[in-house]
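Got your viewer open and a selection tool at hand? Let's take a walk through this one, stop by stop.

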Amino acid sequence: MSTLITNIAELMTQDLEHRVLRDAAVVVEGERISWIGAAADAPPADEAVDAGGRAMLPGWVDSHSHLLFAGDRTAEFEARMAGESYAAGGIAVTMNATRATSDFDLTRLAMGRVAEAVSQGTTYLETKTGYGLDVEHEARSARIASTIADQVTYLGAHLVPAGQDPEEYTDLVCGPMLAAVRPYVQWADVFCEEGAFNAEQSRRVLMACREAGLGLRVHGNQLGEGPGVELAVELGAASVDHVNYLAAQDVKALASSWSGWDPAVGTGERGTVATCLPACDLSTRQPLASARELLDAGVQVALASNCNPGTSYTSSMAFCVTTAVLQMRLSVHEAVRAATYGGALALHKEAGRDTDGERAVGSIAVGHRADLHLLNAPSATHLAYRPGMPLTYAVWRAGVRER
Ligand code: NIG
């Protein structure tokens with residue numbers, strides 16, 4: 001079955017050439033894109049969809065979310081808006097509520113959040129454990145997550161539960177808990193921050209998880225300058241996320257991690273992606289991450305929702321893109337790239353000249369997964385020009401029309 005989507009006013013491919021086509025068309029065959037080009041040259045297909053002069057982008061790739069949770073933290077949010085600062089302690093509130101929720105309800109809640117994200121144009125997403133925080137509940141979260149998300153990250157090292165010795169808990173994260181989640185996860189993450197895990201504990205967790213064959217990610221430099229970025233780069237993590245407080249040497253380390261990478265062809269040695277989480281920055285009243293400075297320094301940047309009940313209760317990637325343009329001084333093209341190709345790079349799912357396009361998400365090119373986002377607007381600029389407007393018109397995920 002093939003579908004011709006024609007009359008696309010602007011097709012922002014986010015491919016290696018950064019092409020933006022006008023008056024374009026795309027043909028989808030099964031799960032894949034089989035043709036893109038000028039609408040006037042489009043081949044016939046089994047069915048045709050008139051895009052009505054709208055703009056098309058790749059579906060959003062959300063590379064950082066925490067969707068496995070129950071409970072409510074409205075009171076904490078209200079207190080923060082009244083002047084209190086964010087502290088990681090609220091994670092325990094969610095841990096208690098999550099543990100007390102049945103498998104059925106936890107699955108239903110998480111599925112609902114995925115559906116919300118997809119209805120807003122997200123077509124590929126990562127999610128984390130991290131609200132179970134014991135062997136049984138981390139394993140359960142990982143198992144459920146593996147049924148609802150494209151990639152799963154083990155975040156047993158999110159917070160040391162009250163009353164537990166930090167070193168003993170770190171041992172648990174590196175030992176029995178890791179073994180229990182291992183069948184369900186591709187990545188491991190650690191909240192490397194004062195009040196969570198220190199540099200030595202974070203290193204221990206990351207090394208054990210790497211030894212177990214997991215890729216690495218780090219929550220770093222969210223609440224103050226610290227060792228997170230340096231550790232992530234040193235251990236070859238795929239991403240370091242938050243990056244609100246960066247010293248000059250952090251930016252340098254991130255930039256040099258990309259020295260073996262050729263962005264023009266998308267090949268070479270991947271470095272550590274700096275993942276900025278603007279919805280979280282606003283919701284915690286932290287300074288917005290310096291995405292402009294990072295891009296100018298040659299760092300690969302991703303934008304992600306960080307959807308979670310404590311610091312960023314939204315899965316709207318469009319909101320992140322809008323904020324990145326209006327407040328973080330990214331161009332529309334740069335912001336959309338960070339929310340598509342950048343997320344794919346952070347999850348090792350980007351297309352390169354020599355990589356298998358079939359595995360690729362986050363860009364529109366022949367052979368790639370047909371993850372497409374049609375806006376109810378003639379250009380992607382409207383994402384910033386009309387902030388807050390519901391601009392998602394249609395979504396295809398792996399060739400299936402979801403909306
Ligand atoms: O990415 N920073 C750590 N983890 C989450 C927040 C978790 C919570 O407060 O529930 C984040 O912001």
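At what angle do helix 5 and helix 7 pack, and how far apart are their axes? Select residues 166-174 for helix 5 and residues 199-211 for helix 7: the angle is about 15 degrees, and the axes are 9 Å apart. Keep in mind as you look that this is a predicted model. Angles under 35 degrees count as roughly parallel, so helix 5 and helix 7 are roughly parallel to each other. The crossing of helix 5 past helix 7 is right-handed. To see the contact itself, show side chains for Pro166, Thr170, Val173 and Cys174 on helix 5, then Gln201, Arg204, Val205 and Ala208 on helix 7. Sorted by class, that contact holds five nonpolar residues, two polar ones and one charged.

**A second helix pair**

Next, pick out helix 3 (residues 103-119) and helix 4 (residues 135-148), which pack at about 40 degrees with their axes 10 Å apart. That angle makes helix 3 oblique to helix 4. Here, too, you should find a right-handed crossing. Helix 3 brings Asp103, Leu106, Thr107, Ala110, Met111 and Val114 to the contact, and helix 4 brings Arg140, Ile144 and Ile148. By class, the contact of helix 3 with helix 4 splits into six nonpolar, one polar and two charged residues.

Stay in helix 4 and zoom in on isoleucine 148. Which residues does isoleucine 148 touch, leaving aside its neighbours within four places in sequence? They are Ala110, Met111 and Val114. Is isoleucine 148 buried, exposed or partly exposed? A residue needs 20 or more other C-beta atoms within 10 Å to be buried; isoleucine 148 has 19 C-beta neighbours inside 10 Å, so it counts as partly exposed. If you like drawing distances, try the C-alpha atoms of isoleucine 148 and alanine 115: they are 33 residues apart along the chain and separated by 9.7 Å.

**A third helix pair**

Now select helix 12 (residues 317-326) and helix 13 (residues 332-339). Their packing angle is about 145 degrees, and their axes are 9 Å apart. Helix 12 goes past helix 13 in a right-handed crossing. Colour Met317, Cys320, Val321, Ala324 and Val325 in helix 12, and the residues they meet in helix 13: Val332, Ala335, Val336, Ala338 and Ala339. What classes of residue make up the contact of helix 12 with helix 13? It has 10 nonpolar residues, no polar and no charged.

**The ligand**

Centre on the ligand and show the 13 residues around it. Coming nearest are Gly90, Ile91, Phe191, Gly310 and Thr311. Which element gives the most to this shell? Helix 2 (residues 90-99) does, with three residues. As for chemistry, the shell divides into four nonpolar residues, nine polar and no charged.

**Out in the open**

Move on to helix 1, residues 74-81. None of its eight residues is buried, so helix 1 lies largely in the open. Just past helix 1, click on glycine 83, where phi is positive, near 120 degrees.

**Positive phi outside glycine**

Most residues other than glycine have a negative phi. With that in mind, go to aspartate 23 in strand 2 (residues 20-29). Its phi is positive, near 45 degrees. Aspartate 23 has 14 other C-beta atoms within 10 Å and is therefore partly exposed.

Then jump to alanine 398, in the loop between strand 16 (392-397) and strand 17 (400-401). Alanine 398 isn't a glycine either, yet has a positive phi of about 50 degrees. With 17 other C-beta atoms within 10 Å, alanine 398 is partly exposed.

**Two long distances to draw**

Finish with a couple of distance lines. Alanine 179 sits in helix 6 (residues 176-181) and is exposed, with 12 other C-beta atoms within 10 Å. Draw a line from its C-alpha to that of glycine 260: the two are 81 residues apart in sequence and 33 Å apart in space.

Last stop: proline 44, in the loop between strand 3 (32-38) and strand 4 (47-58). Proline 44 has 8 other C-beta atoms within 10 Å, so it is exposed. How far is proline 44 from glutamine 249 in space? C-alpha to C-alpha, the distance is 54 Å, with their positions 205 residues apart in sequence.

Key:
Residues numbered from 1 in each chain as written. Predicted model: local features only at pLDDT ≥ 70, side-chain atom pairs only at ≥ 80, totals over all residues. Axes fitted to C-alpha atoms, helices over the stretch in contact; angles between N-to-C directions. Helix = DSSP H or I, 4+ residues; strand = E, 2+ residues; numbered from the N terminus. Parallel < 35°, antiparallel > 145°, perpendicular 65-115°, else oblique. Left-handed = near helix turned anticlockwise from the far one by under 90°. Contact = placed C-beta atoms within 7 Å. Nonpolar A, V, L, I, M, F, W, Y, C, P; charged D, E, K, R; others polar. Near = placed C-beta within 6 Å.
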